[in-house]
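Me: I would like a close look at a single part of this predicted model, namely the charged side chains and how they pair with one another. Please take me through them with care, and add a word on the cysteines at the end.

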Amino acid sequence: MQEYQIIKMADYSNDQIDRIRSLEQLCQINDRSNLRVGIDSLKAIGGDEAYLCLCGNRLIGFLSWYTSDGTEANINGMVHPNFRRKSVFNSLLKRALPEMQAKGIQVCRFRIPLNSEPGIGFIKHLGASFHTSEFSMNLQQFQADASKRSSFILRLADVEDLEFMITCSSQAFGDSEAWTRIYFARTREPERVSYIALDNLEPIGMIRVNYVSRDTAVIHDLCVLPLHQGKGYGRKILNGVVKLLLEQKCSIIRLGVVTDNRRALNLYHSIGFEVSSEFHYYVISINKTLLNTAK
């Protein structure tokens, strides 16, 4: 690996981003996969941590990671097809792992496209365990909810809503309030907006939007208090935020859903979302086993 150079990404110019995008497209075409390495999240302030592997001036490898809870790192990566099986990604991991450890990361979570044979092969070699699978869905043709309820309101969240958001999210998703509090603290960026749903002025649910670029929005954290579930509020909340995003001229609206969550999947289909790709998530503890593997 003496001819390769691993550097931490510090240049976020359009030229540098275009180099990463070109490598992503090359891997997509070569592997016939739906690879997506989170290019929209690469930015100088508040963006993902990223590392590049160079052969001369040629970009041959990429790894990025972020954490939402301070203990688990979500990792994306890719290697040029002509430079695989040459320890490129292991070298990127070896460079990133000490910084992850220094920031308290305990678990690495890799996102692999279902149709990426090289990605699946690598993750099995790494010894990571399958955790879950998720559909990525894009809005194709909005099916607006014709029913109206004058008492239903969707408004921007403010600082006074934090405790409700923690309660609603933890009860709906089954996470502890302590974990949820950390999650909201770590995902409080200017480009991420939260909305509170109310009926008769009573808060009953919430939804969040991450504006990853000028025309692209990712919907997430849609939830309703268990007491009010099964009453059609999820549809009203999703319908309301999609309508708002379309009014804001967002041309790409997407979300993710765990593949076995059929209730949510049916809801998203009914609004006009279609599955665009499927990703599998694998986890491995950031301990001596992973550190030894990355040598």
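Reply: A good place to begin is Lys103, which forms a salt bridge with Glu49, the closest N and O atoms of the two being 2.9 Å apart. The two partners come from distant parts of the chain, since Lys103 sits in the loop between helix H2 and strand E5 (107-113), whereas Glu49 belongs to strand E2, and 54 residues separate them. Lys103 counts as partly exposed, because its relative accessibility is 44%. This pair does not stand alone, for Lys103 and Glu49 are linked with Lys8, Arg95 and Glu99 in a network of salt bridges.

In the whole predicted model there are twelve salt bridges, and two further ones deserve the same attention.

One of them joins Asp31 to Arg84, with 2.9 Å between the closest N and O atoms. Asp31 lies in helix H1 (residues 14-31) and Arg84 in the loop between strand E4 (72-79) and helix H2 (88-102), so this salt bridge ties together parts that are 53 residues apart in sequence. As for their surroundings, Asp31 is buried at 15% relative accessibility, while Arg84, at 23%, counts as partly exposed.

Another salt bridge is formed by Glu191 and Lys43, whose closest N and O atoms are 3.1 Å apart. Here too distant parts of the chain are linked: Glu191 is in the loop between helix H5 (177-186) and strand E8 (192-199), Lys43 is in the loop between H1 and strand E2 (49-55), and the two are 148 residues apart. Lys43 has a relative accessibility of 25% and therefore counts as partly exposed.

Turning to the cysteines, the structure holds zero disulfides. For Cys27 the reason is one of distance, because the closest cysteine sulfur, that of Cys53, is 12 Å from its own sulfur and thus too far for a bond. Cys53 is likewise in no disulfide, and the cysteine sulfur nearest to its own, in Cys55, is 7.8 Å away, whereas a disulfide would need the two sulfur atoms to be within 2.5 Å. Cys27 is buried, with 0% relative accessibility, and Cys53 is buried as well, its relative accessible area being 0%.

Conventions: Residues numbered from 1 in each chain as written. Predicted model: local features only at pLDDT ≥ 70, side-chain atom pairs only at ≥ 80, totals over all residues. Heavy atoms only, no water. Buried < 20%, exposed > 50% of the residue type's maximum accessible area, 1.4 Å probe, protein only. Salt bridge = Lys/Arg side-chain N within 4 Å of Asp/Glu carboxyl O. Helix = DSSP H or I, 4+ residues; strand = E, 2+ residues; numbered from the N terminus.
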